[in-house]
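Q: I am new to this structure and would like to learn how to read it. Could we proceed feature by feature, with the general idea before each case?

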Amino acid sequence: MTEKMLKFVSLEKKMPTKRAADQRRTDFNEIYDEFDGDRATAQASRCSQCGIPYCQVHCPVQNNIPDWLMMTAAGRLEEAYEVSQATNNFPEICGRICPQDRLCEGSCVIEKGFESVTNGAVEKYITDTAWENGWVKPTVPAVELKQSVGIIGAGPGGLAAADELRKKGYQVHVYDRYDRVGGLMIYGIPGFKLEKDVVEKRAQLLRDSGVTFHLNFEVGRDATLGDLREKHDAVIIATGVYRSRDITLPGSDTEGIVPALEFLTASNRKGLGDDVPAFDDGTLNAKGKNVVVIGGGDTAMDCVRTAMRQGAKSVKCLYRRDRKNMPGSLREVTNAEEEGIEFVWLSAPKAFLGSERIRAVRAVRMHLGIADSTGRQVPVEIDGSEHDIPCDLAIKALGFDAEDIPTLFDEPGLEVSRWGTISVNFKTAMTSLEGVYAIGDIVRGASLVVWAIRDGRDASQSVHKFLTEKRQSEQAALAS
Ligand code: FAD
Ligand code: SF4
Ligand code: SF4
């Protein structure tokens, strides 16, 4: 069906149907159904085709959103797919898991008064349709170049760089310490936000395009960075950030207190059919337990919702600020509330109680005091407000820092920031070592999939320039 544009004045915003909370909290399937064709076309037609599209400005990969919305509204889906994939290597993934309320949709001009266009859902619909119709094809480079690039890390940053460099004809080798491709998209983010076959299809497409994966290969254990530099003409570091931030409180070493990523990885592995002893013996399994998750970011939201799906008796999220000041996406908080999670706002842990196993978290109530230099109100403890929350499993979701990469990679010359993230030239993404680039979370700190994709795309341009110049100077030397 073909639709005219600017329908926002007469047509309400409608997301794809969200499955009922009591149904979705029993499984790990995505919570939104697919748009049907008519609804996607109609919703795309709400766009007012802005001359200055703020949605595009605030999309990290600068997607040409008004164009693919217009093409979708006109029923020209194959062209919409071509436009959408020209700026984004994994549009169906971003359509599912970008925090659109903070990015493209949060900046949509019609949001003021009419509610935004459903960009993410339309982007997902376009690419899912492209997969169904066989429009998504492996890359066949126009030329095969001899030069090779080694990429450390098969997360979204590394994969986007691999895709772009393969298109240019380079021999691309991706090394990852995990046994599967996808980084946090496979082992961090739960299936109810991103079903795993979506990631696995992309991994297969890259294999079919000629990218070579070396899995169970840990740089720092199986090779040094120096070894990879000798083997490849350029190297990209895309290792993400994995060192969980911790809190040291009385009782911190009591059994039954676990870091968020261990809990989520065990759950994802179980869903993928792996043997996970720590899940089966109950260490990393919330079934039948009173669960307390500490933290207020997106990782905390993923933990509470995972615990609920595993059959926890009760799930509470302890956060020291209030709902308005949570770092997590409000859309995810709402989803969690609908699924029965109880938020204990303005509360912070003081101690973990229990002799052999945890039996409660001692918490203290907070109020928001004067704003600090960042402009955020500082939480302050309320005297005498300590109270105990019964708990059989406490999950710490307090964020992530970078590992000590120079030591791990046996490369003291690799410069890092005071936070341990790798320092790069922001124009080229090159590190302090010639021909070595870094992208994604290991440069930005914990960030987003779409920013890692953007970095991978940008770095691939720099690597291409660097290797083209190298080729040309080698050819000139041979000719003289
Ligand atoms: P990663 O995805 O972390 O990939 C790094 C890869 O490097 C991994 O596969 C790792 O095994 C490998 N590696 C590390 N060290 C080595 C080594 N020494 N040798 C070999 N391989 C190595 N973002 C969103 O946009 N939306 C979300 O909804 C969202 N939800 C999230 C939920 C959770 C629980 C978490 C933890 C993060 C979430 N994020 C989300 C953030 C997002 O996943 C990351 O920003 C993104 O994955 C970073 O990509 P990356 O390629 O830099 O690193
Ligand atoms: Fe929006 Fe993310 Fe898609 Fe950009 S990539 S249009 S921010 S959903
Ligand atoms: Fe369309 Fe909103 Fe983007 Fe304007 S800002 S082009 S209305 S999606």
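Q: Which side chain meets that of E338 in a salt bridge?

A: Please bear in mind that the model is predicted. Side chains of opposite charge can pair when their charged atoms come close. In this case the partner of E338 is K18, with 3.1 Å from N to O. E338 is part of helix 16 (residues 330–338), while K18 belongs to the segment before helix 1 (21–24), so the salt bridge ties together parts that are 320 residues apart in sequence.

Q: Are E338 and K18 buried, partly exposed or exposed?

A: The reading rests on relative accessible area: under 20% is buried, over 50% is exposed, and partly exposed lies in between. E338 has 36% relative accessibility and therefore counts as partly exposed. K18, at 27%, also counts as partly exposed because its value falls between the two limits.

Q: Which residue forms a salt bridge with D128, and how far apart are the closest N and O atoms?

A: The partner of D128 is R96, and the closest N and O atoms are 3.1 Å apart. Helix 8 (residues 119–132) holds D128 and helix 6 (residues 91–97) holds R96, so this pair ties together parts 32 residues apart in sequence. Both D128 and R96 are buried.

Q: What links R305 to E332?

A: Their side chains meet in a salt bridge, at 2.7 Å from N to O. Distant parts of the chain are linked by this pair, with R305 in helix 15 and E332 in helix 16, 27 residues apart. R305 has 1% relative accessibility and so counts as buried. E332 is buried as well, its relative accessible area being 13%.

Q: Which residues are joined into one network by salt bridges that share partners?

A: The network consists of K18, R24, R305, R309, E332, E338 and E339. Two of the pairs already discussed, E338 with K18 and R305 with E332, have their residues in this network. For the structure as a whole, a search finds 38 salt bridges.

Q: Let us turn to the ligands. Which residues come nearest to ligand 1?

A: To read a binding site, one may list the surrounding residues and then look at individual contacts. Around ligand 1 there are 34 residues, of which I97, D176, K193, Y242 and D441 come nearest. By class, this shell divides into 18 nonpolar, 10 polar and 6 charged residues. Domain 2 (148–241 + 402–479) and domain 3 (247–399) each give at least three residues to the shell.

Q: Where do N or O atoms of G157, K193 and S447 lie with respect to ligand 1?

A: Each of these residues has an atom paired with an oxygen atom of the ligand. For G157, a backbone N or O atom lies 3.0 Å from an oxygen atom of ligand 1. For K193, an N or O atom in the side chain is 2.9 Å from a ligand oxygen. For S447, a polar backbone atom is 3.1 Å from an oxygen atom of ligand 1. The protein covers 97% of the 1,000 Å² of accessible area that ligand 1 has on its own. Helix 9 (156–167), helix 15 (298–309) and helix 19 (449–479) are the elements that give two or more residues to this shell.

Q: What classes of residue make up the shells around ligand 2 and ligand 3?

A: The shell around ligand 2 has 8 nonpolar, 3 polar and 1 charged residues. Among its members are C59, C94, C98, C104 and E123. The shell around ligand 3 has 9 nonpolar and 2 polar residues, with no charged residues. Its members include C47, C50, C55, C108 and N119.

Definitions and conventions:
Residues numbered from 1 in each chain as written. Chains lettered and ligands numbered in written order. Predicted model: local features only at pLDDT ≥ 70, side-chain atom pairs only at ≥ 80, totals over all residues. Heavy atoms only, no water. Near = heavy atom within 4 Å. Polar contact = N/O pair within 3.5 Å; in protein donor to acceptor, adjacent residues only side chain to side chain. Areas by Shrake-Rupley, 256 points an atom, 1.4 Å probe, with all protein chains shown as cover. Helix = DSSP H or I, 4+ residues; strand = E, 2+ residues; numbered from the N terminus. Nonpolar A, V, L, I, M, F, W, Y, C, P; charged D, E, K, R; others polar. Domains from an automatic or database assignment. Salt bridge = Lys/Arg side-chain N within 4 Å of Asp/Glu carboxyl O. Buried < 20%, exposed > 50% of the residue type's maximum accessible area, 1.4 Å probe, protein only.
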